[in-house]
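Here's a quick walk through this model, written for someone who would rather look at the fold than at a spreadsheet. Have the viewer open and follow along.

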Amino acid sequence: WFPEAQFGCAKGVIRTRVGYTGGTKKSPTYHSLGDHTETIQIEFDPKQTSYETLLTIFWNSHNSTACTSRQYMSAIFYHGDDQKRLAEKTKEEHQKKVTRQIQTRIKFAETFYDAEDYHQKYMLRHHQGLLKSLNLSSKEMITSHAAARLNGYLGGFGMLKNLELEIEELGLNEEQKEYVRKKVRMGGHN
């Protein structure tokens, strides 16, 4: 679930949720997915970042030409006509940069089902001491702005200078701040 971490570190992203969408099965799970696709849902502040910026991250962060199963397919699930037009426009632009045919599907966003707890904030979960000290409930792991940001930084997708600009807003104590700073200096994954 590295894409959740990658998007979680983008400027203006408020929350990320890992889950399933695009299919017909009611209440899918990882082991009973039906015809859904594993996805992330991103809540962002359009005053701080644009949908187009998020699409740029999307196109640059994976192989959009790979043929995969429906579970892992490359897809953009849009929430309105403006998002659909922009997704199609950026797909056309990206196609000019790659030699193989893009396989990414652009589909209307239907019901989004949250993935199981152990999928949420996957990179943050690798830092058990920090995670325990945050004392977040399962719901808070999904809805917490701080958890989304920390997941991105600890996934290795943020720079220390950006962390410093927002660290006071994350509600961390001094020990937590130093731990996160150290991990970001090391590249996050360690």
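Ser27 counts as exposed because its relative accessibility is 51%, and the cut-off for that label is over 50%. You'll find Ser27 in the loop between β1 and β2. Its backbone is a bit of an oddity too: Ser27 has a positive phi of about 50 degrees, though it isn't a glycine.

Asn135 tells a similar story. Its phi is positive as well, at about 55 degrees, and again this is not a glycine. Asn135 sits in the loop between α4 (128–134) and α5 (138–143), and at 65% relative accessibility it counts as exposed. Here are the two phi values in one place:

| Residue | Phi |
|---|---|
| Ser27 | about 50 degrees |
| Asn135 | about 55 degrees |

Keep in mind that this is a predicted model. How confident is the predictor? The protein chain has an average pLDDT of 93, and 97% of the residues score at least 70. Confidence is lowest in helix α1 (residues 2–8), with a mean of 80, and highest in helix α3 (residues 81–95), at 98. As a rule, predicted coordinates shouldn't be read in detail where pLDDT is low.

So let's look at α3. With 15 residues at 1.5 Å a residue, α3 should span 21 Å, and its end C-alpha atoms are indeed 21 Å apart. Which residues of α3 are buried? They are Gln83, Leu86, Ala87, Thr90 and His94. Looking down the axis of α3, these buried residues fall within an arc of 105 degrees, so they line one face of the helix. That fits a general pattern: an α-helix has 3.6 residues a turn, so residues three or four places apart point the same way. On the other side of α3, Asp81 and Glu92 are exposed. The cover over the buried residues of α3 includes α2 (51–60), β3 (75–78) and β4 (105–108).

Now for the sheet. Three strands make an open, antiparallel sheet, in the order β2-β1-β5. β2 (37–44) and β5 (113–114) stand at the edges with a single partner strand each, so one side of each has no neighbour in the sheet. β1 (residues 13–21) pairs with β5 over 2 bridges, in the antiparallel sense, and Tyr20 stands opposite Tyr113 in β5.

Last stop: residues 138–181. An unreviewed UniProt entry annotates this stretch as "domain: Selenoprotein methionine sulfoxide reductase A helical". In the model, residues 138–181 are 70% helix and 0% strand, with the end C-alpha atoms 25 Å apart.

Definitions and conventions:
Residues are numbered from 1 along each chain as its sequence is written. This is a predicted model: local features need pLDDT of at least 70, side-chain atom pairs count only at pLDDT 80 or more; totals for chains, interfaces and linings use all residues. Side-chain values use heavy atoms; hydrogens and water are left out. pLDDT is the predictor's confidence in each residue, from 0 to 100. Helices (H or I, at least four residues) and strands (E, at least two) are DSSP runs, numbered from the N terminus. The expected span of a helix is 1.5 Å times one less than its number of residues. Buried means under 20% relative accessible area, exposed over 50%, partly exposed in between (1.4 Å probe, protein chains only). The arc is that of the directions from the helix axis to the C-beta atoms. Contact means heavy atoms within 4.5 Å. Two strands pair if DSSP finds at least two bridges between them. UniProt positions are given in the numbering used here, feature names are shortened, and annotations may be inferred rather than shown by experiment.
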